[in-house]
Amino acid sequence: MSIHIGSIIKGLVKTKGLTVEEFSNKINCTRRNAYKIFDKPSIDTELLVTISKAIGENLFFRYLKDEEIVKYSSIK
C-alpha cells in the first residue's frame, strides 16, 4: 500500500481549519518542521500518535483497508 502520510496530514490540517502555526504548536514543533512533515511519505509512529491526538484523527487507520479495520475492531 502506497500512501503519502505527509499529504494526508496536510489535507487534514487544512480541513480542520488549522493554520500551520496552530498545528505546529499542538505538536510542539516549529512551523518549518511542520512543513517538513507535510513532505514526508512516511513518519515515525510516535510522531504519528502525537499528530493523531492533535488533530483528532486516528491516522493509523489510513494504512488499513476497510475490511482490515472491521476485522481488527472485532478482536477482543
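Okay, let me start with helix α4: what covers its buried residues includes α1 (5-15), α2 and α3 (31-39). Keep in mind that this is a predicted model.

So which residues of α4 are buried? The helix runs over residues 45-55, and the buried ones are L48, I51, S52, A54 and I55. Those residues sit on the same side of α4, because the arc they cover around the axis is only 165 degrees. Turn to the face away from that buried side and you find the exposed residues E46 and K53. If you want the general background, an α-helix has 3.6 residues a turn, so residues three or four places apart point the same way.

Now the two ends of α4. At the start, D44 has a side-chain oxygen that comes to within 3.0 Å of the backbone nitrogen of E46. Just after the helix there's G56, with a positive phi of about 70 degrees.

One residue in that buried list is a serine, so let me stay with S52 for a moment. S52 is in helix α4, and it counts as buried because its relative accessibility is 10%, where the cut-off is under 20%. What does the side chain of S52 reach? It gets to the backbone oxygen of L48, at 2.8 Å. If we leave aside neighbours within four places in sequence, S52 also touches E57, N58, L59 and F60.

Next up, α3. Its buried residues are A34, I37 and F38. Looking down the axis of α3, you see them fall within an arc of 100 degrees, so they line one face of that helix. On the face turned away from the buried side, α3 carries R32 and D39, which are exposed. And the buried residues of α3 pack against α1, α2 and α4.

That brings me to the core. The largest nonpolar core has 18 residues, and the ones with the most contacts inside it are I9, F23, I51, I55 and L59. Which elements give two or more residues to this core? Those are α1, α2, α3 and α4. The largest share comes from α1, with five residues. As a general point, in soluble globular proteins nonpolar side chains tend to be buried together.

Take I9 from that core. Setting aside neighbours within four places in sequence, I9 is in contact with F23, I37, F38, I43, L48, I51 and L59. Some of those names we've met already: I37 and F38 are buried residues of α3, while L48 and I51 are buried residues of α4.

Okay, the aromatics. How many aromatic pairs does the structure hold? There are two. In the pair of F23 and F38, the ring centres are 5.7 Å apart and the planes are at 25 degrees, so this one is stacked. F23 belongs to helix α2 and F38 to helix α3, so the pair ties together parts that are 15 residues apart in sequence. The other pair is Y35 with F38, and that's edge-to-face, 6.0 Å centre to centre with 90 degrees between the planes. Y35 and F38 both lie in helix α3, three residues apart, which is about one turn of the helix.

Are these rings buried or exposed? F23 is buried, with a relative accessible area of 0%. F38 is buried as well, at 6%. Y35, on the other hand, is partly exposed, with a relative accessible area of 40%. Put the three together, and F23, Y35 and F38 form one aromatic cluster.

Last stop: α2 and the loop that follows. S24 lies in α2, which covers residues 20-26. Why does S24 count as buried? Because its relative accessibility is 1%, and the cut-off for buried is under 20%. Again leaving aside neighbours within four places in sequence, S24 is in contact with C29, T30, R31 and A34.

T30, from that list, sits in the loop between α2 and α3. T30 is partly exposed, with a relative accessible area of 44%. For a distance you can check on screen, T30 and V20 are 10 residues apart in sequence and 9.3 Å apart in space, going C-alpha to C-alpha.

That's my tour, thanks for listening.

Notes: Residues numbered from 1 in each chain as written. Predicted model: local features only at pLDDT ≥ 70, side-chain atom pairs only at ≥ 80, totals over all residues. Heavy atoms only, no water. Helix = DSSP H or I, 4+ residues; strand = E, 2+ residues; numbered from the N terminus. Buried < 20%, exposed > 50% of the residue type's maximum accessible area, 1.4 Å probe, protein only. Contact = heavy atoms within 4.5 Å. Arc of directions from axis to C-beta. Polar contact = N/O pair within 3.5 Å; in protein donor to acceptor, adjacent residues only side chain to side chain. Core = buried A, V, L, I, M, F, W, Y, C linked by side-chain atoms within 4.5 Å. Phe/Tyr/Trp six-rings, centres within 6.5 Å; stacked < 30°, edge-to-face > 60°.
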